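Open the model in your viewer and keep the sequence panel beside it. This tour goes stop by stop, with a selection to make at each one.

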Amino acid sequence: TAAGSMVTLPADDSEKEQRLHDEVMTILRALNVLRDAGAMDMLCAKLDDETLAALRYMRRQPSRLLIDRRRRILLPDYNKEIEMPPLSKALYLLFLAHPEGIRLKCMSDYQIELTRLYLEVTNRGDRDHAIAAVESLCYPGADVLKTTFSRMNQAFRKALQADVAEYYTVRGANGEPRRIELPGELITIS
């Protein structure tokens, strides 16, 4: 099929399935020719960003994670922005800053850093509100902490397939440090 032309599929499901199978096999043969000729870079240069993102996503490969200057959480290889409430985002940024992990019972050790992060991501300039919001997270077993974790992790699970989302969520056994499993070389904070 010529690039840019539409594939007409037969109405019968078995014929349609066979036609799709044949199209896939044609593409695979062409990809093998390009690979053998050392021209995969040329192919990638011709594919648009959306197609490349879809291919990466289908392969279940984690995207790079970028925190930009406006503190947006971006997955550029998937063309996605992960949105979450400011307190959840501040908590996520805290865990990104501590790849060794954080024990929840030690959250109060990070209160000043978390307050600074919260002030960076919230639209409010009210320092007293920020301090109060962060204090509510820093008590071991606090319901606010559980809710904030849930919202934070749910933002990734909502945007990504479950197995891909696991790279980005904060996880850990009870009593053990919790961390983000995404390899550090895929994380960039501006």
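Start at R71. Select it in the loop between β1 and β2. This is a predicted model, so read each stop as a feature of the prediction. The phi of R71 is near 65 degrees, a positive value in a residue other than glycine. Is R71 buried or exposed? R71 counts as buried, at 15% relative accessibility. The cut-off for buried is under 20% relative accessible area.

**Next loop: N79**

Move along to N79, in the loop between β2 and β3 (80-82). Here too phi is positive, at about 55 degrees, and N79 is not a glycine. N79 is partly exposed, with a relative accessible area of 48%. R71, by contrast, counts as buried.

**Zoom out: the whole chain**

Now show the protein chain as a cartoon. Colour by secondary structure and find 8 helices and 6 strands. Trace them along the sequence: the pattern is α-α-α-β-β-β-α-α-α-α-α-β-β-β. The radius of gyration is 22 Å, well over the 16 Å that the globule rule gives for 190 residues, so the chain is more spread out than a compact globule. Draw the box along the principal axes: the C-alpha atoms fill roughly 65 × 35 × 30 Å.

Turn on the surface. The protein chain exposes about 11,900 Å², and carbon and sulfur atoms supply 52% of that area. Of the 190 residues, 33% count as buried. Colour the charged side chains next. There are 27 positive and 28 negative ones, and the centres of the two sets lie 4 Å apart.

How much of the contact map comes from residues 24 or more positions apart? Among contacts with a separation of 6 or more, such residues account for 50%.

**Into the core**

Hide the surface and select the largest nonpolar core, which has 41 residues. Show L65, L91, Y92, F156 and Y168 as sticks; these have the most contacts inside the core. Which elements give two or more residues to it? They are β1 (65-67), β2 (73-75), α4 (86-97), α5 (111-121), α6 (127-137), α7 (143-159) and α8 (162-165). The element that gives the most is α4, with 8 residues.

Centre on L65. Beyond its neighbours within four places in sequence, L65 is in contact with I73, L74 and L75, among others. The list also includes Y92, L96, F156 and Y168. Later in the sequence, L182, L186, I187 and T188 are in contact with L65 as well.

**Beside the core strand: S63**

Step back to S63, in the loop between α3 (49-58) and β1. S63 is buried, with a relative accessible area of 0%. Leave out residues up to four places away in sequence, and S63 touches L75, P76, D77, Y78, Y168, L182 and L186. Compare the two contact shells: Y168, L182 and L186 are among the partners of L65 and also among those of S63.

**Along α4: L93**

Select L93 in helix α4. L93 is buried, with a relative accessible area of 6%. Its contacts outside the nearest four places in sequence are I67, R71, L117 and V121. The R71 in that set is the residue with positive phi from the opening stop. Now draw a distance from L93 to L114. The two are 21 residues apart along the chain, and their C-alpha atoms are separated by 8.4 Å.

**After α4: L104**

Go on to L104, in the loop between α4 and α5. L104 touches F95, L145, F149 and R178, not counting residues up to four places away in sequence. For a long ruler, pick I27 as the other end. L104 and I27 are 77 residues apart along the chain, and their C-alpha atoms are separated by 50 Å.

**Last stop: R171**

Finish at R171, in strand β4 (residues 170-171). R171 is partly exposed, with a relative accessible area of 34%. Which residues does R171 touch, not counting those up to four places away in sequence? They are E166, P177, R178, R179 and E181. R178 is also a partner of L104. One more ruler: R171 and H129 are 42 residues apart in sequence and 28 Å apart in space, C-alpha to C-alpha.

Terms used. Residues numbered from 1 in each chain as written. Predicted model: local features only at pLDDT ≥ 70, side-chain atom pairs only at ≥ 80, totals over all residues. Heavy atoms only, no water. Helix = DSSP H or I, 4+ residues; strand = E, 2+ residues; numbered from the N terminus. Rg over C-alpha atoms; globule rule 2.2 N^0.38 Å. Buried < 20%, exposed > 50% of the residue type's maximum accessible area, 1.4 Å probe, protein only. Contact = heavy atoms within 4.5 Å. Areas by Shrake-Rupley, 256 points an atom, 1.4 Å probe, with all protein chains shown as cover. Lys, Arg positive; Asp, Glu negative; His and termini not counted. Charge placed at Lys NZ, Arg CZ, Asp CG, Glu CD. Core = buried A, V, L, I, M, F, W, Y, C linked by side-chain atoms within 4.5 Å.
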